[in-house]
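Hi,

Here is the structure I promised to pass on. Have a look at it first, and then read my notes underneath.

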Amino acid sequence: MPAYQKKDARAWAREKLTGCSAVTIPSYSADLKRLNEQGIRHDIALAREFGYSYTLLCSEVAITPEENAQFTAWARDTAGSKLGLFFHAAFGTLAENIEAAQLAEKAGADIVLLSYPPQFWPSTEQEIYDYTRAFCDATNLAVMLFPIPLWGFERVHPAGMSVQLVRKLLQDCPNIAAIKSEQGFPLPAGLCEMYHHFRDEVVISCPIEGDAIPLMSLMKLQFSGTSNTQWMSTYYPRAFELARKGEWEAAMELYWKVNPARNANGAAAGSYAPGTGVLNRTMWKYQDWLAGFNGGPLRAPAMRVPDRFMKQLRQGLVASGLPVTSDPDSAFMVGRHPC
């Protein structure tokens, strides 16, 4: 159960939602029939060791609501109070997302990242409002609103989620406590607009580390997440904290050191994301494995990682002076803790 009442979600987020969030993709057994407890516990412990204050328990990987609750319970038991947990509302229907959220809440989740199913095809802002309101009403957890072009809401408004829609949702859903602001991605327009209008009401998150550190010379950001940064080990929590404390020049020194890794990640993601609107979680898990996380197979349907991108991502870490495994890529699909 959350450590706050629903009506106090925004006050809780203002105080507790700080630092950076990793993303933890669940590990599975070799036959893909069950979760890999040791692999999951290993990854949660390592995210905390790297300095992350939260992690998103990724559910876009053919996991059931009941399995997701078990995933959450193991994560909570491993992390204790040292790592906050995001429930990922990325299941197939509104009803299934509500069911999974309620199970995850009992298992120890702290906050929700609200996604929208591929089958959700709104043609009006009212439909987006109705879905969001229904979900928020059904959970006691704080909710992070997530405007991004992935949902296809630009057919309704060029920004996907307009200022007017967000304002109405904030008025009517007191547990919306944060906004992961990516309207118009890859441009920073959505972040700037949400920060301009709503920074005094809810926590505004810039999840893109390549944008967040430079923009912290102009914006007071207390939280960044959720996104694929833990593959760069301790870099991002360190740089983000330096920028938060006003040591922006020192943060930028770290920022430029890891630019080869950043460019490698951008090139790999740019090869598929614009045309598919789907994130390659296998690639993310491979990147994590390079940094010492468990790795291992994912259930179908799962995207593949071409060898050329494996080499590019590995060399990006090497060129940045970041930790990278010496294990051959053939060990990735086995994982560090196979079962």
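Below is what turned up, going from the overall fold to the salt bridges and then the cysteines.

One thing to keep in mind from the start: this is a predicted model.

**The chain as a whole**

The chain has 14 helices and eight strands. Its radius of gyration is 19 Å, close to the 20 Å that the globule rule gives for 339 residues, so the chain is as compact as a globular protein of that length. If you want a feel for the dimensions, the C-alpha atoms fill a box of roughly 50 × 45 × 40 Å along the principal axes.

Of the 339 residues, 56% are buried. Looking at contacts with a separation of 6 or more, 76% come from residues 24 or more positions apart. As for the surface, about 13900 Å² of the chain is exposed, and carbon and sulfur atoms supply 55% of that.

**Salt bridges**

There are 16 salt bridges in the structure. As a reminder, side chains of opposite charge can pair when their charged atoms come close. I picked out a few to walk through.

Start with Lys 16 and Glu 15, whose side chains meet in a salt bridge at 3.8 Å, N to O. How accessible are the two partners? Glu 15 counts as exposed because its relative accessibility is 57%, while Lys 16, at 43%, counts as partly exposed.

Next comes the pair of Asp 172 and Lys 168, with the closest N and O atoms 3.4 Å apart. Both sit in helix H6 (residues 163-172), and because they are four residues apart there, about one helical turn separates them. Asp 172 is partly exposed at 25% relative accessibility, and Lys 168 is partly exposed as well, with a relative accessible area of 36%.

The one I would open in the viewer is Glu 209 with Arg 262, a salt bridge at 2.7 Å, N to O. This pair links distant parts of the chain: Glu 209 belongs to helix H8 (residues 209-215) and Arg 262 to helix H11 (residues 259-270), with their positions 53 residues apart. Are these two side chains out in the open or tucked away? Glu 209 is buried, with a relative accessible area of 8%, and Arg 262 is buried too, at 13%. The cut-off for buried is under 20% relative accessible area, so both values qualify.

There is also a small network to look at: Glu 37, Arg 41 and Asp 77 are joined by salt bridges that share partners.

**Cysteines**

How many disulfides does a search of the whole structure find? The count is zero. A disulfide is a covalent bond between the sulfur atoms of two cysteines, and I checked two of the cysteines with that in mind.

Cys 58 is in no disulfide, and the nearest cysteine sulfur, that of Cys 20, lies 18 Å away. With a relative accessible area of 0%, Cys 58 is buried.

Cys 136 is in no disulfide either; here the nearest cysteine sulfur belongs to Cys 173 and is 4.3 Å away. The cut-off for a disulfide is a pair of sulfur atoms within 2.5 Å, which means that the 4.3 Å to Cys 173 does not count as one. Cys 136 is buried as well, at 0% relative accessibility.

Shout if you would like to go through any of this together.

Cheers

How values were computed. Residues are numbered from 1 along each chain as its sequence is written. This is a predicted model: local features need pLDDT of at least 70, side-chain atom pairs count only at pLDDT 80 or more; totals for chains, interfaces and linings use all residues. Side-chain values use heavy atoms; hydrogens and water are left out. A salt bridge is a side-chain nitrogen of Lys or Arg within 4 Å of a carboxyl oxygen of Asp or Glu. Buried means under 20% relative accessible area, exposed over 50%, partly exposed in between (1.4 Å probe, protein chains only). Helices (H or I, at least four residues) and strands (E, at least two) are DSSP runs, numbered from the N terminus. The radius of gyration is taken over C-alpha atoms; the globule rule is 2.2 Å times the number of residues to the power 0.38. Contact means heavy atoms within 4.5 Å. Accessible areas come from the Shrake-Rupley method with a 1.4 Å probe; for residues, only the protein chains shown count as cover.
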